[in-house]
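Student: I should like to understand one chain of this model properly. Please take a close look at its surface, its build and its interior, and then set it beside its partner.

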Amino acid sequence: MSREAETAPQGSPAPASLPTRARAAAHTVLLRWLVLVLAVGIWELAARAHGSVYFPPPDRIARHVHELWFDGPARHLFLSSAAVDDILPSLGRMTAGFALAAVAGIVLGVAVGRSRRAYALTNPVLQFARAVPPPALVPVFVVVFAFGTPMQIASIAFSAVWPVLINTAAGVRNTDPLRLDVAAVLRLNTAERLWFLVLPSALPRIFAGLRLSLSLALILMVFSELLPGTANGIGFTLTEAQTRSDLLTVWAALVLLGALGYLLNTGLLAIEKRLIGRGRAP
Amino acid sequence: MSHATRTREQGTDRMLQLTAVGQRYGDHRVLHDITLTVPAGQLLCVVGPSGCGKSTLLRTIAGLLPAHEGTVTVDGAPVTGVPDSLAVVFQDYGRSLFPWLTVRDNVALPLRRRGLARAERRAESDRILDRVGLSGAARRHPWQLSGGMQQRVAIARALVCRPTLLLMDEPFGSLDAQTREDLEDLLLEVHRTDGTTIVFVTHDIDESVYVGDRVVVLSPGPGSRIVRDLPVRLPGRRDQIATRGLPEFVALRAEVGRAVRGGE
């Protein structure tokens with residue numbers, strides 16, 4: 001269903017002509033790439049001038065990333081077997097932990113946010129839980145779960161749940177009282193009120209929480225893989241390369257992590273835009 | 001459509017009955033001793049200075065606010081929650097509509113509890129949208145429409161369940177004059193055709209006389225009471241230009257105006 005196909009709204013101001021807007025957008029994109037290219041260029045020059053083994057120039061890092069992970073066959077999406085061994089387990093743990101955190105955070109957040117009393121009572125506890133630096137909790141999970149994937153997933157989920165929970169609760173709490181009156185007058189039942197009013201109006205806050213949680217999940221993914229008991233993953237590759245003083249691989253892992261974080265965040269933003277953009281004034 | 005239908009006065013037929021209703025927020029007394037009977041099919045206008053508790057009165061009737069004193073009955077049944085067969089149109093259409101739903105889905109929302117299939121809900125909301133003159137807007141979102149069109153959507157959503165009692169809280173207060181007149185006439189058409197009982201709250205004296213069968217004036221707060229209760233004896237078919245020029249209209253407007261300004 002395309003909204004653009006319908007006639008323009010009468011009440012809104014005429015949008016800027018399309019070519020002008022497209023040109024402005026292209027201009028911004030161009031500028032952004034220019035800054036990136038410039039930064040990499042400076043890095044390249046500085047690294048070459050210095051010639052240190054600890055700071056290889058970016059072109060060598062890029063080539064190394066390619067050799068390590070992306071020279072596989074096309075039918076494997078160019079992923080090498082090392083990539084399958086390193087990236088997929090990490091992504092799997094992170095996805096599992098983040099998904100658990102998202103579901104638990106939204107469910108608990110709605111429960112807490114729907115009652116003024118529950119919100120007032122739990123808020124201090126939640127703020128406290130959020131204030132604890134998540135990596136500091138990992139030792140606790142090591143004791144509870146022993147080393148391995150369950151411990152890693154639990155660490156990720158437990159750290160990433162708080163921003164979603166707190167933001168969901170605040171978003172639910174802030175449902176427009178007039179709209180709650182409307183829901184009462186329309187005699188919506190609890191499920192309908194949740195689905196048609198409370199969740200949609202809390203959605204921007206929920207996504208703000210999810211974005212914070214996603215970056216926490218990435219941090220915890222790497223951190224939990226640095227610990228003993230791990231045999232694969234990007235974090236494991238990182239520590240292992242460090243013990244071999246293979247700085248090129250360390251840098252390659254860092255670049256890979258940066259790229260992964262960027263891609264995941266972009267994906268989440270795209271979902272957010274699709275869900276929220278549909279029902280809001282631009 | 002006749003005058004008789006519009007001002008049907010049947011003492012036994014009490015669509016809405018308020019008995020000694022009082023309302024307060026803490027120590028602040030908002031409404032005092034409101035007793036009012038509205039027969040079925042009447043269009044009652046409630047006017048009063050701003051802050052006199054008109055909206056509180058409406059929220060009390062709608063069951064959104066329990067009456068502090070006295071009783072409210074709708075169609076003979078005491079009001080404890082929002083009564084079935086009651087609908088409300090709020091002034092702030094921008095907030096009262098759900099921006100994440102299309103116009104059609106907004107209107108179809110109250111139909112869910114009637115257990116209609118999706119296709120039936122759709123057909124029903126399209127029918128009512130057509131009636132309020134919005135057949136082309138079903139797939140748009142409310143914020144893509146002008147204020148007047150948004151309020152038409154809110155009216156459609158209120159009418160879709162065929163309410164027997166319709167409450168309107170200054171519904172046209174934030175619209176421009178032309179749009180307002182169009183919507184007043186739409187409301188009169190709906191009232192004439194469906195015979196719905198309507199309680200219409202406004203601060204606009206002209207509007208109250210133009211749309212009403214009867215005008216009730218509240219005193220300024222705190223502790224607003226009913227100070228005047230006036231029948232509107234104007235021809236059933238009203239016309240924005242002709243009706244407002246009638247001597248009866250002018251006289252009644254003056255009388256309501258004096259009552260609102262504090263003379264009894």
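Tutor: Chain A exposes about 16100 Å² of surface, and carbon and sulfur atoms supply 71% of that area (Shrake-Rupley method, 1.4 Å probe; for residues, only the protein chains shown count as cover). The model is predicted: local features need pLDDT of at least 70 and side-chain atom pairs count only at pLDDT 80 or more, while totals for chains, interfaces and linings use all residues; side-chain values use heavy atoms, leaving out hydrogens and water. Residues are numbered from 1 along each chain as its sequence is written, and chains are lettered from A, ligands numbered from 1, in the order in which they are written.

Consider next how chain A is built. It has ten helices and zero strands (DSSP runs numbered from the N terminus: helices H or I, at least four residues; strands E, at least two). Read from the N terminus, the order of elements is therefore α-α-α-α-α-α-α-α-α-α. Along the principal axes, the C-alpha atoms of chain A fill a box of roughly 70 × 60 × 35 Å.

As for the interior, chain A has 282 residues, of which 39% are buried (under 20% relative accessible area; exposed is over 50%, partly exposed in between; 1.4 Å probe, protein chains only). Among the contacts of chain A with a separation of 6 or more, 69% are accounted for by residues 24 or more positions apart (heavy atoms within 4.5 Å).

Now set chain B beside it. Its secondary structure comes to ten helices and ten strands. The C-alpha trace of chain B spans about 55 × 45 × 35 Å along its principal axes. Chain B has an accessible surface of about 10700 Å², with 49% belonging to carbon and sulfur atoms. Of its 264 residues, 57% count as buried. In chain B, 71% of the contacts between residues at least 6 apart in sequence join residues at least 24 apart.

The nonpolar cores complete the picture. The largest has 52 residues, and I155(B), L166(B) and F172(B) are among those with the most contacts inside it (buried Ala, Val, Leu, Ile, Met, Phe, Trp, Tyr and Cys joined through side-chain atoms within 4.5 Å). Helix α6 of chain B, residues 147-159, gives the most to this core, contributing seven residues. A second, separate core has 51 residues, and here the account returns to chain A: M94(A), A129(A), M221(A) and L238(A) are included in it.
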